[in-house]
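Dear colleague,

I am passing on the structure we spoke about, and my notes on it follow below. Please read them with the coordinates open.

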Amino acid sequence: MGQLNPSPPGKDDVEEAVARFGSEMYGLALAITANLHDAEDAYQTAWFDALRNWTRIRDVSKRRSWLASIAARSAIRVRRRHMLSSRLRVPFSEASALSSVMHWDAELGAAIGQLSARQRAVITLHYGHGFTLDEVAVILKLRGGTVRSHLARALASLRVHIGDDRG
Amino acid sequence: MAEIDEERLRRGLCGLVTMQPPPLDTAPVRPVPWVGRFALVMATVMLLAAVLTVALLARRPASVATTPPRATATVAPTFSVQPTPTPAVTPLPTPFTPPTSFLPAVGPLCTASQLEVRLGSSFGALGNGITYVIFTDRGTRRCTLRGTPSVQLLDARGRLLSTPATVDRASGYIPTLPNGGVGLLPLSSEGVAPGPNPEGGIRGQASLPIQYEDGGCNSAIASIRIRVGGGTFTVRATLGGGLGCQPDTVFISPFQPAEFLP
């Protein structure tokens, strides 16, 4: 891994955070964008944003959820840009889709790919990262009830998609 | 759950969030560059516009016909430069072949007198929203919209609230799809509702995307004032719902093709 952008934050501090939370942030970006290329873009941008504001987060114990929040926002921005580009018929590579990325459970990956970005964000933060639903609400800046509603709809949708595939 | 249990979800998503991330760029992601890139793009666009304008003026000295603007329910155009009508409409010099995709950005720049401006669709998700202002050619000749117009957000009494930026200052994100301008054809079929119906006579709509994020929009925003083609249009609009967006998080892009936007 290369040297990270400049000096403001301590280099060791940042590299430790990258090593510790990098995978989670990348996974979250991947889940929200549902596309490898967009996820890499969002991941890079998220770290850039995090480094710019590194000194704002003094409580190290909150760093994980803070980084998750930045990664989620970054992924949402990238996805929005992708949606705008799609109107101009930008080709989309199937190989980079979530079903291919989640090769250990491609069926689940394909079903998750059918969810909305917000639903994907909620289930990834809850089941993948292990955040409670209240923590997910804080990270995504949503109400607790809204998060629960998204989770319920996501699970219902997953049942339908996986049921359809088998039916 | 019948076919999918929480354990399977947990396993599947844990695999996702433990994937090896790509290495971070060694160079700063955006050192200052977006300022430079933006300036470069704008300079290129302005240079092209200047060259085209000079070329067009040289070819068509003063034969541009203008027609009075048509007001719609939502648009109140006022002109800082009064159009001077000429008795005869200059026909198009040569027929052209419509392309299969968006119209190429050729022809003179659109003037306010030939434009109809209305509020188009709005979309929102995850704390972000976008509202399109749609421009239609109601004149008698084709024209081109280029660059980013001057936009102001006004309150209900017409007072200036803010001027949207062309970049998202918080993140440095530039909401720009670079293009060389948007070509418009006159809307020849009267009575056809604008929308995804290119056979119905709509060709070459342009849009001005207005994006906003996080926290919705200031409920004080009551209208948007746009200066384009030597005139000023005021479109009644409230951005976002609920809490509304902060005026300083509203940002705009250059004109975009919008043939299929309702």
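What share of the 262 residues of chain B count as buried? The figure is 34%, where a buried residue has 20 or more other C-beta atoms, placed from the backbone, within 10 Å of its own. Please note that this is a predicted model, in which local features need pLDDT of at least 70 and side-chain atom pairs count only at pLDDT 80 or more, while totals for chains, interfaces and linings use all residues. Residues are numbered from 1 along each chain as its sequence is written, and chains are lettered from A and ligands numbered from 1 in the order in which they are written.

Chain B has two helices and 12 strands (DSSP runs, numbered from the N terminus, of H or I over at least four residues and of E over at least two, respectively), and both helices precede the strands along the sequence.

Between the chains, helix α6 of chain A (residues 117-128) packs against helix α1 of chain B (residues 6-17) at an angle of about 95 degrees, their axes being 8 Å apart (axes are lines fitted to C-alpha atoms over the stretch in contact, and angles run from 0 to 180 degrees between N-to-C directions). α6(A) is therefore roughly perpendicular to α1(B), a term covering 65 to 115 degrees. Among the residues making this contact (C-beta atoms, placed from the backbone, within 7 Å) are A:Ile123 and A:Tyr127 of α6(A) and B:Leu9 and B:Leu13 of α1(B).

The largest nonpolar core (buried Ala, Val, Leu, Ile, Met, Phe, Trp, Tyr and Cys residues joined through C-beta atoms within 7 Å) has 53 residues, and helix α1 of chain A gives the most to this core, with 10 residues.

Best wishes

Methods
A residue is buried if 20 or more other C-beta atoms lie within 10 Å of its own, exposed if 12 or fewer, and partly exposed in between; C-beta atoms are placed from the backbone. Angles under 35 degrees count as roughly parallel, over 145 as roughly antiparallel, 65 to 115 as roughly perpendicular and the rest as oblique. Two residues are in contact if their C-beta atoms, placed from the backbone, lie within 7 Å.
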